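Q: Could we go through this model together? I would like to begin with the terms and then turn to the individual elements.

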Amino acid sequence: MKIDIDELSPVQRKVRVELPVETVSSEFSRAYKNLGQRVRVKGFRTGKIPKTVLQGIYGDEVKGDVRSHLVEESLGEVIREKGLQIVSRPEVEADDLSEDGVFSFSAVFEVKPEIVVNDYLGIQVERVKLSISDEQVEEALQRLQEGHARLEPVSERDVVQKGDFVTLDFEGAIDGKPFAGGKGENYALEVGAGHALPQFEEAVVGLKVSERQNVQVNYPESYPNKEIAGKAVDFFLVVREIKQKVLPSLDDEFAKDHGECASLNELKERIRGRLADELKRYQDEELKEKIISRLIEAHSFATPPSMVERQTRYLMERYQTQVQNQASSEGGDTAPMEEARKTLEARAMRQVQATLLVERIAQLEKIEISDKEVQERIDHLARAAGERAKTVREIYTRPDPRDDLRSQLVFDRTVAFLLERAKIKDVDLPPSKVDEQAEKS
């Protein structure tokens, strides 16, 4: 086998392969022998069909199979022998194929770039000094209180107010005609919470229980449901029940019942500790992003277009899912697909650059993930998936998803390795940010 490799660019190679007559003839003989064992031809016993007969019936099919097999086997051998890290589907051009001649073909494909990584240990990054305030603890305590609130029927009034939880029936019509999704029974709504169209929620305020009332709601032009976007919809509403949220008292009993603490003060300290842990995780993730940015800024290398395109497609699929989910909720503007693709393409480029850099560092530092660790991660994902656990396990029985998971785990461990060895400088929050923080408190 003769091999020539041309470097078309830092990330593109062209391989030319010439296979001798002996290899070609041997492959044809193998193909016809296998064919003769599995086909039936009238007048001949299976396995005893003359080659000339098979050539007359299946010649073109065999030639195509032989060509594919020769290309696949020899190209795979070249890639393994030369250590080429191929990242795209090869574009193959093959010469004519005959049983008594040499066979030549060429293949163009992309490979990972050769990256020389320097000064990746001790990267200098800044971490803003942050602490958990009493106000943040109180806000978290209030969220816990809200989470254990009860809904109790309102008996002292029968008119809906903002903040009420109501159950209602509704029927909508446009110019007297009903429309899809315009009818509902026992619909639960927290009035003023923004879970429904604001105009609809405002129309519910002031309604009386058990009275059938008519209200008109003007839908905005941007509303996802084009059938009713920009139109006035007449709704017949009947409020069935009004409930109010009743919060439990914040005292030692609350701490015992809902925080497993002996006192309210102990619960607050536990909340402070949890918030501190969350803050550290957030800061660590921010530092990791800064480290990756420093690496990308310090290293210039060609990025395989096919890797960027694959990652862009993945991000676009996620974006389209997000758009669909948003369209099924109440409104929400999204960027046009063309504009979104430009943004996501830039993000994909950064992600591919980060992957290649971190992968190279992992090779230099011999950072690996064992089969046991991969399986432990799969078990964790399956437990978190609940009813979909079986599906998750089935997905990771396949080589590609399992390899992708291993690569992600190697990436995470390598970035954590870099963070442990980074030079971190704690700095004060800039005055403008301090003001912003105070406004949020």
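A: Certainly. A term needed at the outset is the strand: helices (H or I, at least four residues) and strands (E, at least two) are DSSP runs, numbered from the N terminus. Please note also that this is a predicted model.

Q: With that in hand, where does Asp175 lie?
A: Asp175 lies in the loop that runs between strand S7 (165-174) and strand S8 (177-190). Its phi is positive, about 55°, although Asp175 is not a glycine.

Q: Is Asp175 buried or exposed?
A: Asp175 counts as exposed, because its relative accessibility is 73% and the cut-off for exposed is over 50%.

Q: And what about the phi of Glu260?
A: Glu260 is not a glycine either, yet it has a positive phi of about 55°. Glu260 sits in the loop between helix H5 (252-259) and H6. With 69% relative accessibility, Glu260 counts as exposed.

Q: Changing topic: what is the strand order in the open sheet of four strands?
A: The order is S1-S2-S4-S3, and the pairing is antiparallel. Strand S1 (2-9) and strand S3 (91-94) are the edge strands, each pairing on one side only. From one strand to the next, the twist averages 15°.

Q: Which helix packs on that sheet?
A: Helix H2 (residues 51-82) does, touching S1, S2, S3 and strand S4 (103-110). The direction of H2 makes about 55° with that of S4.

Q: Back to S1 and S2: how many bridges do they share?
A: S1 and strand S2 (residues 12-19) pair over seven bridges, in the antiparallel sense. A hairpin joins S1 to S2 through two residues.

Q: Which residues in S2 are the bridge partners of Asp6 and Lys2?
A: Asp6 has Lys14 as its bridge partner in S2, and Lys2 has Glu18.

Q: Now H2 itself. What does H2 span between its end C-alpha atoms?
A: H2 spans only 37 Å, whereas a straight helix of 32 residues would span 46 Å at 1.5 Å a residue.

Q: Where does H2 bend?
A: H2 bends at Tyr58, by about 85°. Tyr58 is also one of the buried residues of H2.

Q: Which other residues of H2 are buried?
A: The buried residues of H2 include Leu54, Gly59, Val62, Val66, Leu70 and Ile79. The buried residues of this helix pack against S1, S2, helix H1 (21-38), S3 and S4.

Q: What follows H2?
A: Gly83 follows H2, with a positive phi near 65°.

Q: Turning to the interior, how many residues has the largest nonpolar core?
A: The largest nonpolar core has 45 residues, and Ile291, Leu295, Leu357 and Leu418 are those with the most contacts inside it. Two or more residues come from each of helix H6 (264-298), helix H7 (305-328), helix H8 (337-365), helix H9 (371-385), helix H10 (389-395) and helix H11 (399-420). H8 gives the largest share of this core, ten residues.

Q: What is Leu295 in contact with, leaving aside its neighbours within four places in sequence?
A: Leu295 is then in contact with Tyr120, Ile123, Leu357, Ile361 and Leu418. Of these, Leu357 and Leu418 are also among the residues with the most contacts inside the largest core.

Q: Which residues does the second core include?
A: The second core is separate and has 27 residues, among them Ala31, Val62, Val78 and Leu97. Val62 and Val78 are also among the buried residues of H2.

Key
Residues are numbered from 1 along each chain as its sequence is written. This is a predicted model: local features need pLDDT of at least 70, side-chain atom pairs count only at pLDDT 80 or more; totals for chains, interfaces and linings use all residues. Side-chain values use heavy atoms; hydrogens and water are left out. Two strands pair if DSSP finds at least two bridges between them. Axes are lines fitted to C-alpha atoms, for helices over the stretch in contact, and angles run from 0 to 180 degrees between N-to-C directions. Contact means heavy atoms within 4.5 Å. A nonpolar core is a set of buried Ala, Val, Leu, Ile, Met, Phe, Trp, Tyr and Cys residues joined through side-chain atoms within 4.5 Å. Buried means under 20% relative accessible area, exposed over 50%, partly exposed in between (1.4 Å probe, protein chains only). The expected span of a helix is 1.5 Å times one less than its number of residues. The bend at a residue is the angle between axes fitted to the seven residues ending there and the seven starting there.
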